[in-house]
Amino acid sequence: KPKTKDYGVLTVICQMFGDAKKVIRVNRKMFYPVPNVDSAVVRIDKYEREALNFSEFIAFVKKAFSMRRKKISSNLENQKLKKSDIENLLQQNGFSNLVRAEELSISDFEKLLTEKNELEVLNSKLLHDNKTYKDNISSLEMQIDKLTSNSTLQCEQNINEDYKKMYNELLLENSNIKMLLNTVNQNNQQN
């Protein structure tokens, strides 16, 4: 039962598969060499369960009990979920952040595993969307840089054209002034 010294990984896994009952106690003297503990024959009447990934469930329970006296949020933290994600998940299911694996029932483990998987999928999607967003921003920045560069180049070309036009106008005017001065000089020389 939860919250007892004997409640651990083996208990949870056995109860997950079926109803476990001790059939008979086997005295340690029945074995050679004699072990330091008595044994027992256990019968497990298998449950009919909904589809559940048993290997994933077993790994989850083992991870939850990996450091028995640690909080479950510390034990379940991984690269997909931060400790704060696990703590939020526990709180949403009515548990304290200080809860330990030995305090959870089998149905609690099932529910937490299902919700943890959903949260991991959501986090993966958010990470993917965030990466796509960053890629799009980067692409837009490159396009803006290109447009800015092209606009700057176009402006420089337009300015150069304007300067050329003004220069040509000045040359023409200078030429007109020279002609006028030549005419004035010629008139002065004639007079």
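In which helix does K116 lie? In this predicted model, K116 belongs to helix α5, which spans residues 106-190. With a relative accessibility of 10%, K116 counts as buried, because buried means under 20% relative accessible area. Once neighbours within four places in sequence are set aside, the residues in contact with K116 are F60, L81 and L89.

Helix α5 also holds Y133, a residue that counts as exposed because its relative accessibility is 54%. Together with I137, L140 and I144, Y133 makes a nonpolar surface patch of about 390 Å². A reader who follows helix α5 from K116 to Y133 therefore passes from a residue that is buried at 10% relative accessibility to a residue that is exposed at 54%.

From the surface we can turn to the interior. The largest nonpolar core has 22 residues, and those that touch the most other members are V12, F57, F65, I72, L90, L104 and F109. Several helices contribute to this core, since α1, α2 (54-64), α3 (72-76), α4 (83-92) and α5 each supply at least two of its residues. For L104, leaving out residues up to four places away in sequence, the residues touched are P2, Y7, I72, F95, V99, F109 and L112.

Helix α1, which covers residues 9-17, has V12, I13 and M16 among its residues, and these three are buried. They lie on the same side of α1, because the arc that they cover around the axis is only 95°. V12 has already appeared as one of the core residues that touch the most other members.

The strands come next, and I44 is a useful place to begin. This residue is found in strand β2, residues 39-46, and counts as partly exposed because its relative accessibility is 41%. Although I44 and F17 are 27 residues apart in sequence, their C-alpha atoms are 7.8 Å apart in space. Apart from neighbours within four places in sequence, I44 is in contact with C14, G18, D19 and A20.

One of these contacts, D19, leads on to the charged side chains, for which the count comes to five salt bridges. The side chain of D19 meets that of K21 in a salt bridge with an N to O distance of 3.1 Å. Both partners are partly exposed, K21 at 46% relative accessibility and D19 with a relative accessible area of 30%.

Another salt bridge joins D38 and R25, whose closest N and O atoms are 2.8 Å apart. Because D38 lies in the loop between β1 (18-26) and β2, while R25 lies in strand β1, the pair ties together parts that are 13 residues apart in sequence. D38 is partly exposed, with a relative accessible area of 28%, and R25 counts as partly exposed at 49% relative accessibility. These two residues also belong to a network of salt bridges in which R25, R28 and D38 are linked.

A further salt bridge brings together the side chains of R43 and D45, at 2.8 Å from N to O. Here R43 counts as exposed because its relative accessibility is 51%, whereas D45, at 32%, counts as partly exposed.

Methods:
Residues are numbered from 1 along each chain as its sequence is written. This is a predicted model: local features need pLDDT of at least 70, side-chain atom pairs count only at pLDDT 80 or more; totals for chains, interfaces and linings use all residues. Side-chain values use heavy atoms; hydrogens and water are left out. Helices (H or I, at least four residues) and strands (E, at least two) are DSSP runs, numbered from the N terminus. Buried means under 20% relative accessible area, exposed over 50%, partly exposed in between (1.4 Å probe, protein chains only). Contact means heavy atoms within 4.5 Å. Patches are made of residues with over 30% relative accessible area and no salt bridge: like charges are joined within 9 Å, nonpolar side chains (Val, Leu, Ile, Met, Phe, Trp, Tyr) within 5 Å. Accessible areas come from the Shrake-Rupley method with a 1.4 Å probe; for residues, only the protein chains shown count as cover. A salt bridge is a side-chain nitrogen of Lys or Arg within 4 Å of a carboxyl oxygen of Asp or Glu. The arc is that of the directions from the helix axis to the C-beta atoms. A nonpolar core is a set of buried Ala, Val, Leu, Ile, Met, Phe, Trp, Tyr and Cys residues joined through side-chain atoms within 4.5 Å.
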